[in-house]
Amino acid sequence: MTVSNSLSSDELGSAAQRERRKRILDATIALASGGGFDAVQMRSVADQAEVALGTLYRYFPSKIHLLVSALGREFERAEAQFAQREIPGDTPAERVVNVLKTTSRGVRGDAHLTEALTRAFMFADASVRTEIDHVGMLMTRMLIRAMDPDRDPATDEISEADIAIAQVIGDVWLSALVGWVTGRATVAETSQKIEVAVGLLLRD
């Protein structure tokens, strides 16, 4: 069986399959943390996850699918953490900046992993659209919750304007992260770019 996109946890029918997918993503993150983008090879992932190479390809058609899915899982964890606590800040802009800075510190804490996940996102083509859309949806939900903590973006109706604002902010954050990963911007410059964009888009 071949697939054009990664198999999500929801698409896997058994606990064993979901556990296998988890092991694959754990192995991917471990390899990326150790050596960045180039260290993540499909054979190495299969060996570390203790799955057959053919099985790995059934779950994830390519290295890019694999790494973008790993990024999605990292965002799922971040979203769950933000949902369980009050986001500091008196204004939507302050809360959004807090979310982005916290997320940035989290990914920058592991430079090799950040480089691997960011480069995969940069290299992704149309075949990885499902995984990219999932990452974008998670970022949008985190930002919308920060903009208005009284709303649950997973269940409440959200205006198209708020969705558009969150998406633009997410794009700016990713662009700033790419600049840092590729050495074109310092941490301070990255933070300034994010704060300026958020301030312009969420003026009181």
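# Notebook: salt bridges, helices and a few odd residues

I started by counting charged pairs, and the structure holds 9 salt bridges. A reminder to myself: this is a predicted model.

**Entry: Glu-79 and Arg-141**

I looked up the side chains of Glu-79 and Arg-141, which meet in a salt bridge with 2.7 Å from N to O. Glu-79 lies in helix H4 (residues 63–83) and Arg-141 in helix H7, so this pair ties together parts that are 62 residues apart in sequence. Next I checked how open each partner is. Glu-79 counts as buried, at 10% relative accessibility. Arg-141 counts as partly exposed, at 23%.

**Entry: Lys-101 and Glu-195**

Then I went to Lys-101, which forms a salt bridge with Glu-195; their closest N and O atoms are 2.5 Å apart. I found Lys-101 in helix H5 and Glu-195 in helix H9 (residues 187–201), so the pair ties together parts that are 94 residues apart in sequence. Is Lys-101 buried or partly exposed? Lys-101 is partly exposed, because its relative accessible area is 31% and the partly exposed band runs between 20% and 50%. Glu-195 is partly exposed too, with a relative accessible area of 36%.

**Entry: Glu-115 and Arg-119**

I looked at one pair inside a single helix. The side chains of Glu-115 and Arg-119 meet in a salt bridge, 2.7 Å from N to O. They are 4 residues apart in helix H6 (residues 111–123), so about one helical turn separates them. Arg-119 counts as partly exposed, at 23% relative accessibility. I also noted a network: salt bridges that share partners join Lys-22, Asp-26 and Arg-73.

**Entry: Arg-95, a charge without a salt bridge**

Arg-95 caught my eye in helix H5 (residues 92–108). Arg-95 is buried, yet I found no salt bridge for it. Which side chain of opposite charge is nearest to Arg-95? That is Asp-148, at 5.9 Å, while a salt bridge needs the atoms within 4 Å.

So what does the side chain of Arg-95 have beside it? I found two backbone oxygens: a polar atom of the side chain lies 3.3 Å from the one of Gly-89, and a polar atom of the side chain lies 2.7 Å from the one of Ala-146. I then listed the contacts of Arg-95, leaving aside neighbours within four places in sequence. They are Ile-87, Pro-88, Gly-89, Asp-90, Ala-146, Met-147 and Pro-149.

**Entry: how H7 and H8 pack**

Arg-141 sits in H7, and I wanted to see how that helix packs. Helix H7 (residues 129–147) and helix H8 (residues 160–181) pack at an angle of about 115°, and their axes are 9 Å apart. H7 passes H8 in a right-handed crossing. Which residues of H7 meet H8? I wrote down Met-139, Thr-140, Leu-143, Ile-144 and Met-147. On the H8 side, the residues they meet include Asp-162, Ile-163, Ala-166, Ile-169 and Trp-173. Met-147 turned up before, among the contacts of Arg-95.

**Entry: Thr-28 and Val-45**

Thr-28 lies in helix H1 (residues 15–35), and Val-45 lies in helix H2. Is Thr-28 buried or exposed? Thr-28 counts as buried, at 0% relative accessibility. Val-45 is buried as well, with a relative accessible area of 0%.

I looked up their contacts, again leaving aside neighbours within four places in sequence. Thr-28 is in contact with Val-40, Val-45, Leu-66, Leu-67 and Ala-70. Val-45 is in contact with Ile-24, Ala-27, Thr-28, Leu-31, Val-40, Leu-56 and Leu-66. Val-40 and Leu-66 are on both lists. For a pair farther along the chain I took Val-45 and Leu-100: they are 55 residues apart in sequence and 30 Å apart in space, C-alpha to C-alpha.

**Entry: Glu-50 and Tyr-57**

Glu-50 sits in the loop between helix H2 (42–49) and H3. Glu-50 has a positive phi of about 60° although it is not a glycine. I made a note of why that stood out: most residues other than glycine have a negative phi. Glu-50 is exposed, with a relative accessible area of 69%.

My last stop was Tyr-57, in helix H3 (residues 53–59). Tyr-57 is partly exposed, with a relative accessible area of 38%. I checked its spacing to Met-42, which is 15 residues away along the chain: the two C-alpha atoms are separated by 8.3 Å.

Key:
Residues numbered from 1 in each chain as written. Predicted model: local features only at pLDDT ≥ 70, side-chain atom pairs only at ≥ 80, totals over all residues. Heavy atoms only, no water. Helix = DSSP H or I, 4+ residues; strand = E, 2+ residues; numbered from the N terminus. Buried < 20%, exposed > 50% of the residue type's maximum accessible area, 1.4 Å probe, protein only. Lys, Arg positive; Asp, Glu negative; His and termini not counted. Polar contact = N/O pair within 3.5 Å; in protein donor to acceptor, adjacent residues only side chain to side chain. Contact = heavy atoms within 4.5 Å. Axes fitted to C-alpha atoms, helices over the stretch in contact; angles between N-to-C directions. Left-handed = near helix turned anticlockwise from the far one by under 90°.
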